Amino acid sequence: MRKLVLFLHASLDGFVEGPNGEMDIGWVSYDADLEKHAKEILSTADTVIWGRGTYQMMHNYWPSVASDPSASQHERDHAEWIEKTTKIVFSTTLEKAEWNNSRLVKEDIEGEIKNLKQQPGKDMVILGSPRLAHHLMQLDLIDEYKITVSPVLIGSGLPLFQGLKDKINLKLIENKTFDSGAIGLVYQTVR
């Protein structure tokens, strides 16, 4: 069975977006170590799960990166990966998902995720989309939490965990320390 994996960057004080809604821009300790770590995580997935806002932001940025001569090799490699990867967008307001290999789902998020888990393939990864992640946490649909904690306190913003009504037991299965001072944590949901 495929797993649903949440992969997010967080500040040490537990925020995934800054006070003005910015996602990890400028405060994540992103370097060659984290690039390698992200590539390892994404190599286990063949499907990206997004909410509307993250999908639109990514669609506005990544398609042009592959041909951008100023982009790094890591950025071009990621742009190529994301272009080929299946993208599932959950939104009740978006009218269509036009990006290559994208599919829009407007209802029954729980049933859709459970169905996707039963299909053959690699894992599915939620990249960004913290509000969607909060909803999926509440439904207990996330199987692994792959969180990179940056050594910064941003003071306010959108918390990593929000709105949980029931306890979710987790088991630490991996941790890494990076030269930047960031820590990579992998927790598996215990059911």
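**Exercise 1. Describe the second largest pocket of this predicted model: how much space lies in it, and what lines it?**

Solution.
Step 1. Start with the volume: the second largest pocket holds about 340 Å³ of space.
Step 2. Turn to the lining. It has 19 residues, and those closest to the centre of the pocket are Gly-51, Arg-52, Phe-90, Arg-131 and Leu-132.
Step 3. Assign the lining to elements. Two or more residues come from each of α2 (52-61) and α5 (130-138). The largest share, 4 residues, is given by α2.
Step 4. Sort the lining by class: 7 residues are nonpolar, 6 are polar and 6 are charged.

**Exercise 2. Find which strands pair with β3, and in which sense.**

Solution.
Step 1. Locate the strand. β3 runs over residues 45-51, and 6 of its 7 residues are buried. A residue counts as buried when its relative accessible area is under 20%.
Step 2. Take one partner. Strand β6 (residues 123-127) pairs with β3 in the parallel sense, over 4 bridges.
Step 3. Take another partner. Strand β4 (residues 86-90) also pairs with β3 in the parallel sense, here over 5 bridges.
Step 4. Follow a single residue across. Ile-49 has Ile-126 as its bridge partner in β6, and it stands opposite Ile-88 in β4.

**Exercise 3. Which residues of α5 are buried, and what phi does Asp-140 take?**

Solution.
Step 1. Go through the helix. The buried residues in α5 are Pro-130, Leu-132, Ala-133, His-134, Leu-136 and Met-137.
Step 2. Link this to Exercise 1. Leu-132, buried in α5, is also among the residues closest to the centre of the second largest pocket.
Step 3. Look just past the helix: Asp-140 takes a positive phi of about 55°.

**Exercise 4. Is the chain as a whole compact or extended?**

Solution.
Step 1. Count the elements: the chain has 5 helices and 10 strands.
Step 2. Compare the radius of gyration with the globule rule. The chain has a radius of gyration of 16 Å, and the rule gives 16 Å for 191 residues, so the chain is as compact as a globular protein of that length.
Step 3. Note the extent. The C-alpha trace spans about 45 × 40 × 30 Å along its principal axes.
Step 4. Add the burial: 44% of the 191 residues are buried.
Step 5. Look at the contacts. Of those with a separation of 6 or more, 70% join residues 24 or more positions apart.

Conventions
Residues are numbered from 1 along each chain as its sequence is written. This is a predicted model: local features need pLDDT of at least 70, side-chain atom pairs count only at pLDDT 80 or more; totals for chains, interfaces and linings use all residues. Side-chain values use heavy atoms; hydrogens and water are left out. On a 1 Å grid over the protein atoms alone, a cavity is a set of points where a 1.4 Å probe fits but cannot get out, and a pocket is an open set with protein on both sides within 12 Å along at least five of seven lines; lining residues have an atom within 4 Å of a point. Grid points are joined across faces, edges and corners, and a volume is the space filled by probe spheres set on the points. Ala, Val, Leu, Ile, Met, Phe, Trp, Tyr, Cys and Pro count as nonpolar, Asp, Glu, Lys and Arg as charged, and the others, Gly among them, as polar. Buried means under 20% relative accessible area, exposed over 50%, partly exposed in between (1.4 Å probe, protein chains only). Two strands pair if DSSP finds at least two bridges between them. The radius of gyration is taken over C-alpha atoms; the globule rule is 2.2 Å times the number of residues to the power 0.38. Contact means heavy atoms within 4.5 Å.
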